[in-house]
Amino acid sequence: MLSGTDAIHIATVLEDCVDQLAVLGRIMPASFEARSDAVEMVSNELNQLVSGQKELELRYQTILAKKLDLMSSTKNQDRLTEVEKEVIEAGADLKNSTHVFGRSLRQNPLTGDNMVKVQEDRMFVERCMSDTLSECIQNCSFQALAETVRTQKERKARLQETILKEENGRKHVKMLHKKLIDIQKEKEIELQQRNNMIAHFKDQLQEMKAKTDMEGKYLKKSAEVTVAQTQKKCTLSEKAMQDEIESLKHQIEEENRCNQEIENYLRAHQEELEKKVDFWMEKYEKDVEAKQHELDVLKASKAKDLDKLQELTKLYKEYEQVVVEDRIEKEKARRKADQEAIELRAAIRVQSWWRGVMVRKGFGPYSKKKKGKKGKKGKKGKKKK
């Protein structure tokens, strides 16, 4: 829970943040491809990634060299365990950085996909800030922000689990690929053996040819008949091929005619699209002018609200000063009353003690009258009579 003043201050900052995010969402382009400094932006980002990657590699090499030195110079297992943990952490950081670096190289930051991702992140932050602002104004708390952070942490954890599963799958694929290479090697060995058998069979075939030369003379007539039959089949096949060629020529003519009609249609469609592009460009300019006017109005309203907030803050400080002075005066009056009460009680005790002393000692009005003096006064009275 926040105090009222802290809630007001935080709500003001959150409101300004939401306004800036909304304005940023309106002015961000669809992509950076048309910007003149797009190449420079990409170069700076790549230089930052490369420098970070080099730092992580240098750190990993330094820690690894330190580990090797400790292994050769000391036998302290605790120190070796600590260095081993540092090596594992540096390796994990280097692996994550390499993954991010490779993904950055594969992606083109100038395309619209990255801008869509940036817009989604901006909308998420804007919704989160808006919910936090509402809760801060209504309940003086920021539970919605904490809940959003917790949800994102859980989502990131699930994503890490998915990445881990993907890495395990890749390892399994590599293992299967290795097995496939082993099987290919086995098949190549088997193929070599079969080639050797084929060579052996070829040698036997040469021997058989020498044996069958005599038989070939007897089969010559049969071969001539076979050749004649084959020539007849080739003639028929050639005729069929000619028919097929004529059919293909007819199809080519049809395809050319269809292509010409499609080109005419596409030209007409292109002209229509150009007209639409002109219309949307004009509409875009009008919408930009309207949104710029709305932005100016919002900025003026924001300035008025800020002035009003400053006046209220000044008035609040004056009231707070008055309250503090009043409390100081009341505290002084209370302390004075307490002091007077203490002095009164002390005076009463002193007076009581003094009366007691006067009573015990017989001072003042509490003194005892002497009897001898009374007798003398009586005798004097009798003489006067």
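Student: Why is Phe279 called partly exposed?

Tutor: Phe279 has a relative accessible area of 49%. Buried needs under 20% and exposed needs over 50%, so 49% lands in between and Phe279 counts as partly exposed. Bear in mind that this is a predicted model.

Student: And what makes Trp280 count as exposed?

Tutor: The value for Trp280 is 52% relative accessibility. The cut-off is over 50%, so Trp280 passes and is called exposed.

Student: How many aromatic pairs does a search of the whole structure find?

Tutor: The search turns up two aromatic pairs. One of them is Phe279 with Trp280, with 5.4 Å from centre to centre and 70 degrees between the planes.

Student: Why is the pair of Phe279 and Trp280 called edge-to-face?

Tutor: Ring centres have to lie within 6.5 Å to pair, and 5.4 Å meets that limit. Planes over 60 degrees apart count as edge-to-face, so the 70 degrees of Phe279 and Trp280 earns that name.

Student: What makes Trp353 and Trp354 a tilted pair, then?

Tutor: Their centres are 6.2 Å apart, which is within the 6.5 Å limit. The angle between the planes is 45 degrees. Stacked would need under 30 and edge-to-face over 60, so 45 degrees leaves tilted. Trp353 is exposed at 54%, while Trp354 is partly exposed at 43%.

Student: How do you know that Glu154 and Arg150 form a salt bridge?

Tutor: Their side chains come to 2.5 Å, N to O. The limit is 4 Å between a Lys or Arg nitrogen and an Asp or Glu carboxyl oxygen, so this pair qualifies. The two residues sit four apart in helix α5, which puts them about one helical turn from each other. Glu154 is partly exposed at 37%, and Arg150 is partly exposed at 39%.

Student: What makes the contact of Lys330 with Asp326 a salt bridge?

Tutor: The N to O distance is 3.4 Å, and that is within 4 Å, so Lys330 and Asp326 count. Here too the partners are four residues apart in helix α5, about one helical turn. Lys330 is exposed, with 56% against a cut-off of over 50%. Asp326, at 37%, counts as partly exposed.

Student: Why do Arg334 and Asp338 count as a salt bridge?

Tutor: They meet at 3.0 Å, N to O, which is within the 4 Å limit, so the bridge stands. Both lie in helix α5, four residues apart, or about one turn. Shared salt-bridge partners join Glu331, Arg334, Arg335 and Asp338 into one network. Across the structure there are 14 salt bridges.

Student: What makes Val277, Met281, Tyr284 and Val288 a nonpolar patch on the surface?

Tutor: Patch members need over 30% relative accessible area and no salt bridge, and nonpolar side chains are joined within 5 Å. Take Met281: at 46% it clears the 30% limit, so it can belong. Together, the four residues have about 390 Å² of accessible area. Met281 itself lies in helix α5, which spans residues 143–361.

Student: Which residues does Thr148 touch beyond four places in sequence?

Tutor: Phe124 and Cys128. Thr148 is also in helix α5. Cys128 is 20 residues away along the chain, with 7.2 Å between the C-alpha atoms. That 7.2 Å runs from C-alpha to C-alpha, whereas a contact is judged by heavy atoms within 4.5 Å.

Student: How confident is the model, and where is confidence lowest?

Tutor: The mean pLDDT is 79, and 84% of residues reach 70 or more. Helix α6, residues 371–384, is lowest at a mean of 46, and α5 is highest at 87. Over residues 373–385 the pLDDT is below 50, and that stretch has one contact beyond near neighbours in sequence. Residues 30–34 also stay under 50, yet have 13 contacts beyond four places in sequence.

Student: And what does the whole protein consist of, helices or strands?

Tutor: It has six helices and zero strands. Of its 385 residues, 10% are buried, which means they fall under 20% relative accessible area. The accessible surface comes to about 33,400 Å², with 58% belonging to carbon and sulfur atoms.

How values were computed
Residues are numbered from 1 along each chain as its sequence is written. This is a predicted model: local features need pLDDT of at least 70, side-chain atom pairs count only at pLDDT 80 or more; totals for chains, interfaces and linings use all residues. Side-chain values use heavy atoms; hydrogens and water are left out. Patches are made of residues with over 30% relative accessible area and no salt bridge: like charges are joined within 9 Å, nonpolar side chains (Val, Leu, Ile, Met, Phe, Trp, Tyr) within 5 Å. Accessible areas come from the Shrake-Rupley method with a 1.4 Å probe; for residues, only the protein chains shown count as cover. Buried means under 20% relative accessible area, exposed over 50%, partly exposed in between (1.4 Å probe, protein chains only). pLDDT is the predictor's confidence in each residue, from 0 to 100. Rings of Phe, Tyr and Trp (its six-membered ring) pair if their centres lie within 6.5 Å; planes under 30 degrees apart count as stacked, over 60 as edge-to-face and the rest as tilted.
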